[in-house]
Amino acid sequence: GDVYKRQPVEVAPLAPRDLIIDGESEPVEFTTETYHVALYEGASYSWTVPSGGTITEGAGTFAITVEWGAAGATGNITVSASGVTVNPDSYPIEVVP
């Protein structure tokens, strides 16, 4: 019969996936916008928003609602996640009139 040699299999670790924030990059002043990333089961998400924005819903989840203040505010929304291997993201915004 045929003889097969077993070869060791090398398994490369999975590269971390990137969190990618989706949402309005130029929110209109005094409006509410939603920002989200991919949902990973078992993940806990940590968000920050620049001065002029307030997270009103969703802190700790994959999607947040942000209430924006007066025009002129700029900065980055950031998100990271624990419990999964993903890279954090930073998303520049500018509140416009």
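## A walk through an all-strand model

Tyr-35 is buried, and Trp-68 is buried too. These two residues make a good way into this structure, which is a predicted model. Their rings form an aromatic pair of the edge-to-face kind. The ring centres are 6.3 Å apart, and the planes meet at 85°. The pair links distant parts of the chain. Tyr-35 sits in strand β2, Trp-68 sits in strand β5, and 33 residues separate them in sequence.

Tyr-35 has another ring partner. The centres of Tyr-35 and Tyr-91 are also 6.3 Å apart, and their planes stand at 65°, so this pair is edge-to-face as well. The angle decides the label, because planes over 60 degrees apart count as edge-to-face. Tyr-91 lies in strand β8, which covers residues 89-94, while Tyr-35 lies in β2, so the pair ties together parts that are 56 residues apart in sequence. Tyr-91 is buried, just as Tyr-35 is. How many aromatic pairs does a search of the whole structure find? It finds two. Tyr-35, Trp-68 and Tyr-91 together form one aromatic cluster.

Look at Trp-68 again. Its relative accessibility is 2%, so Trp-68 counts as buried; the cut-off for buried is under 20%. The residue belongs to strand β5. Its C-alpha atom is 9.0 Å from that of Ile-55, a residue 13 places away along the chain.

Now step back to the whole protein. It has eight strands and zero helices. Read along the sequence, the pattern is simply β-β-β-β-β-β-β-β. The radius of gyration is 20 Å, well over the 13 Å that the globule rule gives for 97 residues, so the protein is more spread out than a compact globule. The box filled by the C-alpha atoms tells you its proportions: roughly 80 × 20 × 20 Å along the principal axes. Of the 97 residues, 26% count as buried. The protein exposes about 6,500 Å², and carbon and sulfur atoms supply 51% of that area. Contacts also reach along the chain. Among those between residues at least 6 apart in sequence, 58% join residues at least 24 apart.

Next comes a sheet that holds two members of the aromatic cluster, Tyr-35 in β2 and Trp-68 in β5. Strands of a sheet pair through backbone hydrogen bonds, either parallel or antiparallel. Here three strands form an open sheet in the order β2-β5-β4, with antiparallel pairing. Why is one side of β2 and of β4 left without a neighbour in the sheet? Strands β2 (32-36) and β4 (53-57) stand at the edges, and each has a single partner strand, so one side of each stays free of a neighbour in the sheet. Neighbouring strands of this sheet are turned against each other by 35° on average, direction ignored.

Take the two pairings in turn. Strand β2 pairs with β5 (residues 63-68) in the antiparallel sense over five bridges. Glu-33 has Val-66 as its bridge partner in β5. Thr-34 has Thr-65. On the other side, four bridges join β4 to β5, and these strands run antiparallel. Glu-57 has Thr-65 as its bridge partner in β5. Strands β4 and β5 form a hairpin, with five residues between them. In the turn, Gly-58 has a positive phi of about 90°.

Thr-65 deserves a closer look. This residue is found in strand β5. Is Thr-65 buried or exposed? Thr-65 is buried, because its relative accessible area is 14% and the cut-off is under 20%. Leave aside its neighbours within four places in sequence. Thr-65 is then in contact with Thr-32, Glu-33, Thr-34, Thr-54, Ile-55, Thr-56 and Glu-57.

One last stop lies outside the strands. Phe-30 is in the loop between β1 (17-18) and β2. Most residues other than glycine have a negative phi. Phe-30 has a phi near 60°, a positive value in a residue other than glycine. Phe-30 is exposed, because its relative accessible area is 60% and exposed means over 50%. Set this beside the aromatic cluster, where Tyr-35 and Trp-68 are buried.

Methods: Residues are numbered from 1 along each chain as its sequence is written. This is a predicted model: local features need pLDDT of at least 70, side-chain atom pairs count only at pLDDT 80 or more; totals for chains, interfaces and linings use all residues. Side-chain values use heavy atoms; hydrogens and water are left out. Two strands pair if DSSP finds at least two bridges between them. Axes are lines fitted to C-alpha atoms, for helices over the stretch in contact, and angles run from 0 to 180 degrees between N-to-C directions. Buried means under 20% relative accessible area, exposed over 50%, partly exposed in between (1.4 Å probe, protein chains only). Contact means heavy atoms within 4.5 Å. Rings of Phe, Tyr and Trp (its six-membered ring) pair if their centres lie within 6.5 Å; planes under 30 degrees apart count as stacked, over 60 as edge-to-face and the rest as tilted. The radius of gyration is taken over C-alpha atoms; the globule rule is 2.2 Å times the number of residues to the power 0.38. Accessible areas come from the Shrake-Rupley method with a 1.4 Å probe; for residues, only the protein chains shown count as cover.
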